[in-house]
Amino acid sequence: MLKLLPSFVLIGALLLQAPEGHTFQWERKLVTDDGRETHDTSSPHPLTWWTRNPLRLDEGLYPLLRENPDDGHIITARDYRVEQKVTTLGVVSGHRIIQVLTTFHAGPRLVFNGSPEADLPPSQWKSLLVEVGAGDRYVEIYRLQSEYGLYLTMTSAAIYGVGQDAILGTNDPAEGNGGGCSDGYWWFDTGGAHAVDFSPLNQAIARALPPNSMYTKRCWALRPEKAELESWVQQRDATCHACSGLGEIYATYRIKTGVAIPVSVRFEPNRQQEK
């Protein structure tokens with residue numbers, strides 16, 4: 001299959017000097033589908049810079065899009081029909097947060113192995129932009145580029161909670177039976193965006209689990225809208241996703257300055273495990 005729109009997540013490390021003299025800190029991270037991770041930096045731009053001509057934002061991969069291997073023609077924006085939805089999610093700690101969902105529908109000129117690329121599901125990108133400093137200047141803290149429906153349904157990110165303990169969260173399930181996803185959770189202060197620290201919650205759960213067991217910490221198990229986590233627990237040496245089950249873990253938490261503080265943790269074993 002022609003790799004026109006490779007999938008990856010961008011979560012952003014950037015130092016900016018604000019007009020007031022504050023230093024804004026941002027992280028930028030590239031995670032590919034094969035698990036490789038690299039770090040990079042970006043710069044602030046007006047909102048229109050992030051939304052117009054999306055293909056040029058393909059983070060260095062655009063040169064790979066120039067030739068169609070079947071007919072050799074140069075691939076341009078005319079080969080796609082682009083839909084874009086720009087939404088203001090809210091303001092946290094003075095930072096306006098904007099989500100850009102871009103959908104690419106391949107045109108009839110794109111053909112690979114004799115089949116029109118237009119017959120494939122559309123490709124989608126999700127970008128989360130945060131306003132920095134004064135004026136129309138935004139940095140990107142997250143981008144998911146999904147090729148041909150790799151992610152089942154690209155959902156909207158959201159802000160959970162209020163005030164200084166509000167967090168931004170995004171979660172998109174990946175296709176397949178592995179229960180994977182692309183997700184990210186951030187809290188904000190005047191210095192910028194920071195990853196939410198879930199380690200206290202994870203440590204409390206680990207203490208409640210049976211020995212040599214494992215559970216899912218993020219993706220479908222985490223419910224930030226309710227500040228809850230619910231996950232199936234299985235043996236660490238399980239040979240498949242649906243075998244060697246031990247029970248379920250239920251946990252609640254609260255966010256305090258970007259840290260997930262455990263409130264309650266309960267492990268419920270399977271009935272057969274109790275015998």
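**Figure 1. A disulfide joins C181 to C219, with an S to S distance of 2.2 Å.** The model shown here and in the other views is predicted. The pair links distant parts of the chain, since the two cysteines are 38 residues apart. C181 lies in strand β13 (residues 181-189), and C219 sits in the loop between β15 (213-214) and β16 (222-223). About the S-S bond the angle is -80°, and the link of C181 and C219 is left-handed. C219 has a relative accessible area of 10%, so C219 is buried, the cut-off being under 20%.

**Figure 2. C240 is joined to C243 by a disulfide.** The S to S distance here is 2.3 Å. C240 has a relative accessible area of 37% and is therefore partly exposed. The count of disulfides comes to two. When the bonded cysteines of the chain are numbered in sequence order, the pairing is 1-2, 3-4.

**Figure 3. K126 is a buried residue in strand β9.** Strand β9 covers residues 123-131. The relative accessibility of K126 is 0%, so K126 counts as buried. The side chain of K126 takes part in a polar contact of 2.7 Å with the side chain of D172. The K126 side chain also reaches the backbone oxygen of T155, at 2.5 Å. Not counting residues up to four places away in sequence, K126 touches a list of residues that includes Q99, V100, L101, Y142, R143, L144, M154 and T170. D172 and T155 are also among the residues that K126 touches.

**Figure 4. R96 in strand β6 touches residues from other parts of the sequence.** Strand β6 spans residues 95-106. At 34% relative accessibility, R96 counts as partly exposed. R96 and V130 are 34 residues apart in sequence, and their C-alpha atoms are 5.7 Å apart in space. Leaving out residues up to four places away in sequence, R96 touches T88, G90, V91, L129, V130, E131 and Y138.

**Figure 5. V86 belongs to strand β5 and is in contact with Q99.** Strand β5 runs over residues 80-92. V86 has 43% relative accessibility, so V86 counts as partly exposed. Along the chain, V86 and Q99 are 13 residues apart, while 5.8 Å separates their C-alpha atoms. With neighbours within four places in sequence left aside, V86 is in contact with T51, I98, Q99 and V100. Q99 and V100 also appear among the residues touched by K126.

Terms used:
Residues are numbered from 1 along each chain as its sequence is written. This is a predicted model: local features need pLDDT of at least 70, side-chain atom pairs count only at pLDDT 80 or more; totals for chains, interfaces and linings use all residues. Side-chain values use heavy atoms; hydrogens and water are left out. Helices (H or I, at least four residues) and strands (E, at least two) are DSSP runs, numbered from the N terminus. Buried means under 20% relative accessible area, exposed over 50%, partly exposed in between (1.4 Å probe, protein chains only). Contact means heavy atoms within 4.5 Å. A polar contact is a pair of N or O atoms within 3.5 Å; within protein, one must be able to donate a hydrogen and the other to accept it, and residues adjacent in sequence count only if both atoms are side-chain atoms. A disulfide is a pair of cysteine sulfur atoms within 2.5 Å.
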